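Student: I'm new to this one and would like a close look at a single part of it. Could you pick one spot, take me through it slowly, and then show me how it sits in the rest?

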Amino acid sequence: MQKSTKGVLILTLAALIWGTAFVAQNSAAEHVPTFIFIFLRYLIGAAVLLPVVFFSDRKKTKEQKKTEWGKPTLFGGFFCGIALFLGSSFQQLGFTDPAMTSGKSAFVTALYIVFTPLLGLFIGKKVPLRVWISVAAAGVGMYFLCLHGEASFSYGDLYTLACALFFTFHILVVDRYSKNTDCVKLSIVQFLTAGTIGGILSLCTETVALPALTSAALPILYAGVFSSGIAFTLQTVGQRTCPPAVAPIVMSLESVFGALSGWIILNEKMSPVQILGCVLIFAAILFTQTGKKPEEAENEAS
């Protein structure tokens, strides 16, 4: 098997895990508040990655370990963690809306792939015509998916749209710091940062009963172990061999897997108009990745 093909398959598995995690998040929102979920999810995610670091560090010198746990990793992980916390929190808050489904959340969240090149405007990058076309198509898709004839967005739609924007910032921050750090160690720091913020806010604003935590145990474990810990590791491994222009397309499949898993597991349904909205959003996501020059694809890879 060619390395590039192997990379695509690994990223597809990561996208499958992320997609099914929308079901876990939706289920958890029925039992526990947002910030305790964030705290537990990322605490577990960090714990899952610690053995990876332990085994990878066995053959490294003390100086190498000290360097990899240096300021770039700590500061980079801190800023990545803040962006991750904001994106994850708004995504989870979106599920407090009874009208929010796993599929809808997955497709709206995936708009970060459309927003990422747009935010490049603020750092002096040119925005190709295909991106503007994609934004227009995604906007129409959002209308069909979220409004479907109503006068305004629901609060869950707005929370999830904010989540996509903050995940866009997360991608840009990760791109800034991941080039000169160990990716797994950077992820541990960002998980601990996001989880700590969630834990502090939970103590200050939320009341959690033990029976509720017990009811949400499996969704929390799935989001922590699989979506946070394992899927991130798969992403890191997969992106080493998957072509940069292909990787975002493969990872955006999480939106499709999210809709399918919501339909299969939770029996969620969408109207034909909402399905058309999903198609338009996914087409917009794919179109942003077409026609790239090799150097452009390399610059946008995260």
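**A close look at alanine 231**

Tutor: Let's start with alanine 231, which lies in helix α11, residues 217-241. Keep in mind that the model is a predicted one. Is alanine 231 buried or exposed? Its relative accessibility is 0%, and with anything under 20% counted as buried, alanine 231 is buried.

What does alanine 231 touch, then, once residues up to four places away in sequence are set aside? Its contacts are Ala14, Ile17, Trp18 and Phe226. Isoleucine 10 is worth finding too: 221 residues separate it from alanine 231 in sequence, yet their C-alpha atoms are 9.3 Å apart in space. That kind of long reach along the chain fits the overall count, where residues 24 or more positions apart account for 90% of the contacts with a separation of 6 or more.

Now step back to the whole protein. It has 15 helices and 0 strands, and buried residues make up 48% of its 302 residues. As a general rule, nonpolar side chains in soluble globular proteins tend to be buried together. Here the largest nonpolar core has 45 residues, and the members touching the most others are Val32, Phe37, Leu111, Leu145 and Ile281. Helix α2, residues 34-56, is the top contributor to this core, with 8 residues. Another core of 11 residues lies apart from it, and its members include Leu11, Ala14, Ile17 and Met251. You've met two of those names already: Ala14 and Ile17 are among the residues that alanine 231 touches.

For a feel of the largest core, try leucine 111. Leaving out residues up to four places away in sequence, leucine 111 touches Ala138, Met142, Leu161, Ala164 and Ile281.

Next, move over to helix α9 and find serine 187. Serine 187 is buried, at 1% relative accessible area. Beyond its sequence neighbours up to four places away, serine 187 touches Leu49 and Phe232.

Helix α9 also brings us to the charged side chains. How many salt bridges does the structure hold? There are 6. One of them pairs aspartate 57 with lysine 185, with 3.1 Å between the closest N and O atoms. Aspartate 57 sits in the loop between α2 and α3 (62-68) while lysine 185 belongs to helix α9 (residues 183-205), so this pair ties together parts 128 residues apart in sequence. Both partners are buried, and for lysine 185 the relative accessible area is 0%.

Lysine 185 has another partner: its side chain also meets that of glutamate 68 in a salt bridge, at 2.5 Å from N to O. This pair links distant parts of the chain as well, with glutamate 68 in helix α3 and lysine 185 in helix α9, 117 residues apart.

Then there's aspartate 182, which forms a salt bridge with lysine 60, the closest N and O atoms being 3.9 Å apart. Aspartate 182 is in the loop between α8 (155-177) and α9, lysine 60 is in the loop between α2 and α3, and their positions lie 122 residues apart in sequence. Aspartate 182 is partly exposed, with a relative accessible area of 22%. Put together, Asp57, Lys60, Glu68, Asp182 and Lys185 are linked in a network of salt bridges.

What about the cysteines? The structure holds 0 disulfides. Take cysteine 183: the nearest cysteine sulfur belongs to cysteine 80 and is 10.0 Å away. A disulfide needs the two sulfur atoms within 2.5 Å, so that gap rules the pair out. Cysteine 183 is partly exposed, at 28% relative accessibility, whereas cysteine 278 is buried, at 6%.

Let's finish on the outside. The protein exposes about 14,500 Å², and carbon and sulfur atoms supply 71% of that. Which residues form a nonpolar patch on the surface? They are Leu121, Phe122, Leu129, Trp132, Ile133 and Phe287, together giving about 670 Å² of accessible area. Helix α7, residues 129-147, gives the most to the patch, with 3 residues. Leucine 129 lies in that helix, and at 64% relative accessible area it is exposed. Compare that with where we began: alanine 231, at 0%, is buried.

Conventions: Residues are numbered from 1 along each chain as its sequence is written. This is a predicted model: local features need pLDDT of at least 70, side-chain atom pairs count only at pLDDT 80 or more; totals for chains, interfaces and linings use all residues. Side-chain values use heavy atoms; hydrogens and water are left out. A nonpolar core is a set of buried Ala, Val, Leu, Ile, Met, Phe, Trp, Tyr and Cys residues joined through side-chain atoms within 4.5 Å. Buried means under 20% relative accessible area, exposed over 50%, partly exposed in between (1.4 Å probe, protein chains only). Helices (H or I, at least four residues) and strands (E, at least two) are DSSP runs, numbered from the N terminus. Contact means heavy atoms within 4.5 Å. A salt bridge is a side-chain nitrogen of Lys or Arg within 4 Å of a carboxyl oxygen of Asp or Glu. Patches are made of residues with over 30% relative accessible area and no salt bridge: like charges are joined within 9 Å, nonpolar side chains (Val, Leu, Ile, Met, Phe, Trp, Tyr) within 5 Å. Accessible areas come from the Shrake-Rupley method with a 1.4 Å probe; for residues, only the protein chains shown count as cover.
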